[in-house]
Amino acid sequence: MEDSQMDEGNVALETPAPGVFVPPSIHQAETLAGETYTHFSPVPPSLLPQTTATSSSEPQAGEPCVLGVDEAGRGPVLGPMVYGVFYLPLAQSDTLLKETHHFDDSKVLTPAVRSALMQALCTPASDLHASCGWAVSCLSARDIGANMLRPSTSAAYNLNAQALDATASLIQGVLARGVNVREVYVDTVGPPAAYQAKLARLFPTTKITVAKKADSLYPCVSAASVCAKVTRDAALEVLYEARLRGDGGGDGAEERRREGEEEEELSWGSGYPSDARCVAWLRRNMHPVFGWGPECRFSWGTAKDMLETKGGVKVEWPVDEDDENSRLTDYFADSNKEKDADELGTWFGTPANLEAF
């Protein structure tokens, strides 16, 4: 994977703020174990299928909704990539999100503003909580790397394929919960037309729009971007605090704390390879054999180069033998071999010749 580069201004906006709001989408056990998971918020009752006391027919579909999709953390070497979806009634998309709460692409909002918006969304008394639903899929760094580093004998599972599967799973999860999603807007992964065609085949009855800069064009995508970004920021904080406690810290972490090293200097920053704090943290905390913990994407060039050329121990793995073309008779002893060559093989009798089959 080619590492993403960012300028200093964007690195600052991508760096989690101290005391970031921890949303319910943070599953601490799974995060610390390096496991991928999905979280769905409760569906507002007003968006669920409606039943009437006088009707014995099927429940009527709920209010038509629009759903936005966006991600956070595609390029960093540290932390999860988080896909988020956000849905609400079509009629309220602009008024509630854009005019009342001023949602925008999470990359142009400060960490404090993103955190405040997410906290309002998770507060039961707020208008956002009453009218909107959301969900996230946290693709752990460990699983991203493992999927991208599959053996050559396995089918490739690159980041774009993982992103498509996460997107489809989230949309399907919202539909399965009874939400009447009529329109879906997605921030593009690769060429918009090809990605839109793939999603349209999966959801033929839903209007699908995939566009560049969708997180700036469509309020529901902006809101999905905020959900994904705040979840990623909080996940980074959970992982980093575990490192500081020594739950998964590298060699020397405890010694540095005893020496009173400043926490800011220890920080891994935004997690992007272009962030000097991130690279310095990786160097200081690299185990020569095992590298890092579940917070690191080992498939990224920064991590691979550091392990291979910056003090890591070279490990050579034996190539698995390919048994796909083996014949049944290959597992039987050759009768022409000398008796002493296969003493155990002849203990209970002479091996059968090929002609016996």
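## Exercises: helix packing and sheet order

In this predicted model, the axes of helix H7 (residues 159-176) and helix H8 (residues 192-202) come within 11 Å and cross at roughly 40 degrees.

**Exercise 1.** Classify the angle between H7 and H8, then describe the residues in contact.

*Solution.*
- Step 1. Take the crossing angle of roughly 40 degrees. Angles under 35 degrees count as roughly parallel, and 65 to 115 as roughly perpendicular. The angle falls in neither class, so H7 is oblique to H8.
- Step 2. Assign the hand: H7 and H8 cross in a right-handed way.
- Step 3. List the residues. H7 contributes Ala163, Leu164, Thr167 and Ala168. H8 contributes Tyr195, Lys198, Leu199 and Leu202.
- Step 4. Sort by class. The contact has six nonpolar residues, one polar and one charged.

**Exercise 2.** Work out which strands stand at the edges of the six-stranded sheet.

*Solution.*
- Step 1. Write the order: E1-E4-E3-E2-E5-E6. The sheet is open, and its pairing is mixed.
- Step 2. Look for strands with a single partner. These are E1 (37-40) and E6 (207-211), so each has one side without a neighbour in the sheet.
- Step 3. Add the twist. Neighbouring strands are turned by 15 degrees against each other on average, direction ignored.

**Exercise 3.** Describe how strand E3 pairs with E4, and place helix H3 relative to E3.

*Solution.*
- Step 1. E3 (residues 81-89) and E4 (residues 133-139) pair in the antiparallel sense, over seven bridges.
- Step 2. Pick one bridge: tyrosine 87 has glycine 133 in E4 as its partner.
- Step 3. Add the helix. H3 (residues 93-100) lies across E2 (65-72) and E3. H3 runs at about 125 degrees to E3.

Notes:
Residues are numbered from 1 along each chain as its sequence is written. This is a predicted model: local features need pLDDT of at least 70, side-chain atom pairs count only at pLDDT 80 or more; totals for chains, interfaces and linings use all residues. Side-chain values use heavy atoms; hydrogens and water are left out. Two strands pair if DSSP finds at least two bridges between them. Helices (H or I, at least four residues) and strands (E, at least two) are DSSP runs, numbered from the N terminus. Axes are lines fitted to C-alpha atoms, for helices over the stretch in contact, and angles run from 0 to 180 degrees between N-to-C directions. Contact means heavy atoms within 4.5 Å. Angles under 35 degrees count as roughly parallel, over 145 as roughly antiparallel, 65 to 115 as roughly perpendicular and the rest as oblique. A crossing is left-handed if the near helix is turned anticlockwise from the far one by less than a right angle, and right-handed if clockwise. Ala, Val, Leu, Ile, Met, Phe, Trp, Tyr, Cys and Pro count as nonpolar, Asp, Glu, Lys and Arg as charged, and the others, Gly among them, as polar.
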